[in-house]
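Reader: I should like to work through this structure by question and answer. Please give the reasoning behind each reply.

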Amino acid sequence: TVYPGRHPSDPSLAGMLHGTGDTSAGVHVTEYTALNLSAVWAAVNVISGALAMLPLVLWKRKGGGKVRATDHPAYKIAAFAPSKLATPFVWKRASQSHALTWGNGYSAIERNQKGEAIAAHLVAPNRVTPDLDESGVFYRVTPRYGDLLAREVTVPADDMLHVQGPGWDGLCGYSVIRMAAESLGIAKATERFGATFFGNGARPSGVIKAPTATKKETRQELREAWERLHQGPSNAHRVAVLWGQMDYMPLGIPPDDAQFLQTREFQTVEVARWFNLPPHLLRDLTRSTNNNIEQQSLEFVLYTMQPWCVPWEEECDRKLLTEEEREDYFFAFDLDAMLRADASKDAKDAKARSRDLVQRTRVVYSPSTLTVTRHRVSVVSTGWILFRCVVQPALQKQQVPYHMFNRGQPTNNR
């Protein structure tokens, strides 16, 4: 029987047991508490959601091309049902979220009697410890909290799908949250200060001065009445009524208090930097324009998503396929799925340029072989091929020469 709760190694328990944390800002930062920051939540949600929506397809090389390997058991893991508890989207998003926050995402592989992978079960990263001995890498998996009958188990490396973030020794990825603890600690401390400033700042921008000393009971009564009338954002800027020759002295907000909003804005950019994200994906449009936001979105695909897609693909190839199968099969994300929103724009632009493009371009292909890469099909000529020639604007009215090549050797123009 499994009871809900937390494992003793859960870092969130450390935050409960320690009054202050391990950051200089005086707050405790863990993989759980960091998600309370809106920028961290958005960063994890953007990257993991974007990766989860990409189709992870098992392909088979065939006849110089590639086809979907729908008859392979591993195809169903990525395409339909990695396990009975998760859909492909949920599985990929959860594992990627683990890799983003903990530095490692784990899935235990279930195999049939033939040794073929038939399922991948998510394992919480705080329960897994990679280790190394003479035989190679293995994983120690502790039981769920409350499962009194379970014991620690050892899982061979071949049966653990391990998506790593940046690391030092290739055995385990670094936790971004732990590496960014000081930066995130400032963000959490600033957020806590703002909540305290607005929630408990019982001052309508001034102080009360009395001409003579007052009794303790009088001061207490005055303090309670003042807080009751002026404390909280709903009571801000109410008119204060004084008595007994008391005087009100207005006060401005100290510069340190007034700058915390700017500090919070900077922390959004700081979080984007830690997660290698364009700030506009965290809804920070301060420096985004109509001219550069498209380029930033392209950089998100190239420099944020692809460095995560490649470890997924290589790990699935290595763990879900046998050594013999890897010669004919491979996993690949379809990154074109991220560009669906621009499909209509691309079609419109292509239609507008089609007439001019036809006049300026001549393409003829000879019998050739297709070399299949992970995402694209390349054309490698075995006979001759006529390369596309685009004429410069000043030469548009002149005849376009045809450059013929026979196995790399030029022939007569035609």
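Author: The replies below concern a predicted model, and they pass from the chain as a whole to its sheet, helices and loops.

Reader: How many helices and strands does the protein chain have?
Author: The chain consists of 414 residues, of which 36% are buried. Among its contacts between residues at least 6 apart in sequence, 59% join residues at least 24 apart. The secondary structure of the protein chain amounts to 11 helices and 17 strands.

Reader: In the open sheet of 3 strands, which are the edge strands?
Author: The strand order is β4-β3-β8, with antiparallel pairing. An edge strand pairs on one side only, and this applies to two members of the sheet. The edge strands are therefore β4 (117–123) and β8 (160–164).

Reader: By how much are neighbouring strands of this sheet turned against each other on average?
Author: The sheet in question is the open one with the order β4-β3-β8. With direction ignored, the average turn between its neighbouring strands is 25°.

Reader: How many bridges join strand β3 to β4?
Author: Strand β3 covers residues 104–111 and runs antiparallel to β4. Within this pairing, R111 stands opposite A117, and S107 has L122 as its bridge partner. The number of bridges joining β3 to β4 is 6.

Reader: Which residue takes a positive phi in the hairpin of β3 and β4?
Author: The hairpin has 5 residues between its strands. The phi in question is near 85°, and the residue that takes it is G115.

Reader: At about what angle to β3 does helix α4 run?
Author: Helix α4 comprises residues 88–101 and lies across β3, β4 and β8. Its direction relative to β3 is given by an angle of about 135°.

Reader: Is S97 buried or exposed?
Author: S97 belongs to helix α4. Leaving out residues up to four places away in sequence, it touches V44 and S48. Its relative accessible area is 18%; the limit for burial is under 20%, so S97 is buried.

Reader: At about what angle to β8 does helix α10 run?
Author: Helix α10 is formed by residues 293–320, and it lies across β3, β4 and β8. Relative to β8, helix α10 runs at about 160°.

Reader: With which residues is Q296 in contact, leaving aside its neighbours within four places in sequence?
Author: Q296 is found in helix α10. Its relative accessible area is 14%, so it counts as buried. Its contacts beyond those neighbours are P278, P279, H280, R287 and S288.

Reader: What span should the 15 residues of helix α7 have at 1.5 Å a residue?
Author: Helix α7 covers residues 216–230. The expected span is 1.5 Å times one less than the number of residues. The end C-alpha atoms are 21 Å apart, which agrees with the expected value of 21 Å.

Reader: Why are the buried residues of α7 placed on the same side?
Author: The buried residues of α7 are L222, A225, W226 and H230. They are placed on the same side because the arc they cover around the axis is only 105°.

Reader: Which exposed residues are carried by the face of α7 turned away from its buried side?
Author: The buried side of α7 is the one with L222, A225, W226 and H230. The face turned away from that side carries K216, E217, E221 and R228.

Reader: How far apart in space are T23 and G185, C-alpha to C-alpha?
Author: T23 is placed in the loop between α1 (11–17) and α2 (38–53), and its relative accessible area of 8% makes it buried. Not counting residues up to four places away in sequence, T23 touches V29, A181, E182 and G185. The T23 side chain also reaches the backbone oxygen of V27 at 2.6 Å. Although T23 and G185 are 162 residues apart in sequence, their C-alpha distance is 6.1 Å.

Reader: Is R283 buried or exposed?
Author: R283 is found in the loop between α9 and α10 and has a positive phi of about 65° although it is not a glycine. Most residues other than glycine have a negative phi. With a relative accessibility of 71%, R283 counts as exposed.

Reader: What is the relative accessible area of N276?
Author: N276 lies in the loop between α9 (260–274) and α10. It is not a glycine, yet its phi is positive, at about 60°. N276 is partly exposed, because its relative accessible area is 42%.

Notes: Residues numbered from 1 in each chain as written. Predicted model: local features only at pLDDT ≥ 70, side-chain atom pairs only at ≥ 80, totals over all residues. Heavy atoms only, no water. Helix = DSSP H or I, 4+ residues; strand = E, 2+ residues; numbered from the N terminus. Buried < 20%, exposed > 50% of the residue type's maximum accessible area, 1.4 Å probe, protein only. Contact = heavy atoms within 4.5 Å. Polar contact = N/O pair within 3.5 Å; in protein donor to acceptor, adjacent residues only side chain to side chain. Arc of directions from axis to C-beta. Axes fitted to C-alpha atoms, helices over the stretch in contact; angles between N-to-C directions.
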